[in-house]
Amino acid sequence: MRPRAALPRFSSILFLLFLPPVFSSSSRPQWVPQRVPVVLAQQTEARSAPNFLSPARLDVSSPCDPECHKKAPRPSYWDLRRLLAYETLNSDGQLTETAVAIYGYDPNTSPAYSSGSSGKAQRSHVRRKRQIFGHDGRFSISGQNHLLKYPFSVAVKLSTGCSGTLVGDRHVLTAAHCVHDGKNYVKGAQKLRVGFLKTKHQDTQALSFDLSSNFTNHVEGGHLPYAPPTNDKMKFQWIRAKRTHVPKGWIKGNANDIGMDYDYALLELKKPHKRRHMKLGVSPPALRLPGRRVHFSGFDNDRSGKLVYRFCRAGEETSDLLYQHCDAQPGASGSGVYARMWDGRRRRWERKVIGVFSGHQWVERQGASQEFNVAVRITPLKYAQICYWIKGNFVDCREG
């Protein structure tokens with residue numbers, strides 16, 4: 001048996017990455033419980049079946065930069081009802097549209113919401129660039145002892161090429177553009193599948209050591225136990241999606257010509273996945289995040305079959321979007337952006353999904369080009385909507 005000093009270098013890197021910052025009890029960055037509005041389904045009507053002709057685009061971008069979003073007019077109550085109405089695509093091809101009502105929302109006390117559909121930064125030409133900023137800061141997660149443990153185990157792959165995050169016993173949060181191009185549902189959306197990494201000869205009970213259900217309790221709070229070498233060959237186990245919810249705020253035109261504010265969707269699987277999922281959280285201001293950092297893991301398409309983790313400092317933000325320079329490639333779209341803060345009620349550190357990674361943005365601003373990677377923030381209204389999709393009632397969705 002190898003000594004502890006012979007731990008893989010990757011484990012040492014994880015230990016350093018995930019060590020919690022030292023805070024006094026009064027200065028810990030904390031999740032602040034807040035009452036959220038109610039987004040309640042009203043009448044549902046059948047719609048014409050989609051054609052599923054267009055391939056999914058993994059490099060969705062928008063020409064509207066932070067200033068463009070901030071200058072956009074605040075949607076009215078009726079605008080929000082229209083934007084938060086949603087379509088539901090069933091695995092049998094049937095499509096419905098559901099109107100919603102909103103209760104408990106006060107625009108005077110809530111942050112301004114921007115639709116992102118007005119005001120565009122001028123582009124002199126279109127170009128494709130790698131979504132890497134300087135040195136590539138991504139980490140490929142390898143080894144079943146890491147991949148099958150929380151929080152990495154909540155990352156899943158979509159058959160359309162995107163990533164997603166487990167947010168319920170049978171629910172996956174992802175980006176809307178992974179299933180819908182803004183005009184119609186993409187090829188493969190009707191028979192959408194969700195892939196879970198597992199070992200080719202999975203027999204986790206036979207391992208000669210024990211890890212707790214929360215792997216990162218070790219790398220965040222103490223020493224990583226010795227793990228003997230294992231067979232690291234992995235494969236995807238696929239589960240079909242039963243239905244897909246997409247907000248009408250996304251379904252309004254060509255995806256590349258609109259803002260990313262409503263680029264999120266929720267998938268319901270045909271059967272439970274039996275893994276631990278990550279909780280939803282209302283996105284706090286970037287200044288309240290520990291180290292102002294965000295994290296996410298996904299299946300970048302330049303590292304085939306590998307789960308890629310990254311973290312970075314959050315940059316500019318609007319009421320609906322979070323801009324950052326986290327290194328990413330197409331395929332990571334749909335990954336859940338999360339933060340880890342102290343839960344005062346449960347007296348423990350808790351991770352929550354606070355956004356959905358959408359894609360890359362390149363704009364001309366004052367004669368100079370600027371680039372961002374963009375995540376859709378989970379606002380109180382979006383939290384209420386996504387939670388309703390998961391729970392099926394609003395009573396369990398009043399606090400985010």
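This is a short dialogue on reading salt bridges in a predicted model.

Trainee: What lets two side chains pair in this way?

Mentor: Side chains of opposite charge can pair when their charged atoms come close. Here a pair counts if a side-chain nitrogen of Lys or Arg lies within 4 Å of a carboxyl oxygen of Asp or Glu.

Trainee: How many salt bridges does that rule give?

Mentor: The count is 13 salt bridges. Start with Arg 47 and Glu 97, whose N to O distance is 3.0 Å. Arg 47 sits in strand β1 (residues 38-47) and Glu 97 in strand β3 (residues 95-103), so this pair ties together parts 50 residues apart in sequence.

Trainee: Which residues are linked with Arg 47 in a network of salt bridges?

Mentor: Glu 45, Glu 87, Glu 97 and Lys 248 share that network with Arg 47. Arg 47 itself is partly exposed, at 35% relative accessible area.

Trainee: Where do Arg 82 and Asp 79 lie?

Mentor: Both are in helix α3 (residues 77-84). They are three residues apart, about one turn of the helix. Their closest N and O atoms are 3.6 Å apart, a salt bridge. Asp 79 is partly exposed, with 27% relative accessibility.

Trainee: What does the salt bridge between Lys 279 and Glu 350 look like?

Mentor: The closest N and O atoms are 3.5 Å apart. Lys 279 belongs to strand β11 (residues 279-280) and Glu 350 to strand β16 (residues 348-365), so the pair ties together parts 71 residues apart in sequence.

Trainee: Is Glu 350 buried or exposed?

Mentor: Glu 350 is buried, at 4% relative accessible area. Its partner Lys 279 is partly exposed, at 30%.

Key: Residues are numbered from 1 along each chain as its sequence is written. This is a predicted model: local features need pLDDT of at least 70, side-chain atom pairs count only at pLDDT 80 or more; totals for chains, interfaces and linings use all residues. Side-chain values use heavy atoms; hydrogens and water are left out. Helices (H or I, at least four residues) and strands (E, at least two) are DSSP runs, numbered from the N terminus. Buried means under 20% relative accessible area, exposed over 50%, partly exposed in between (1.4 Å probe, protein chains only).
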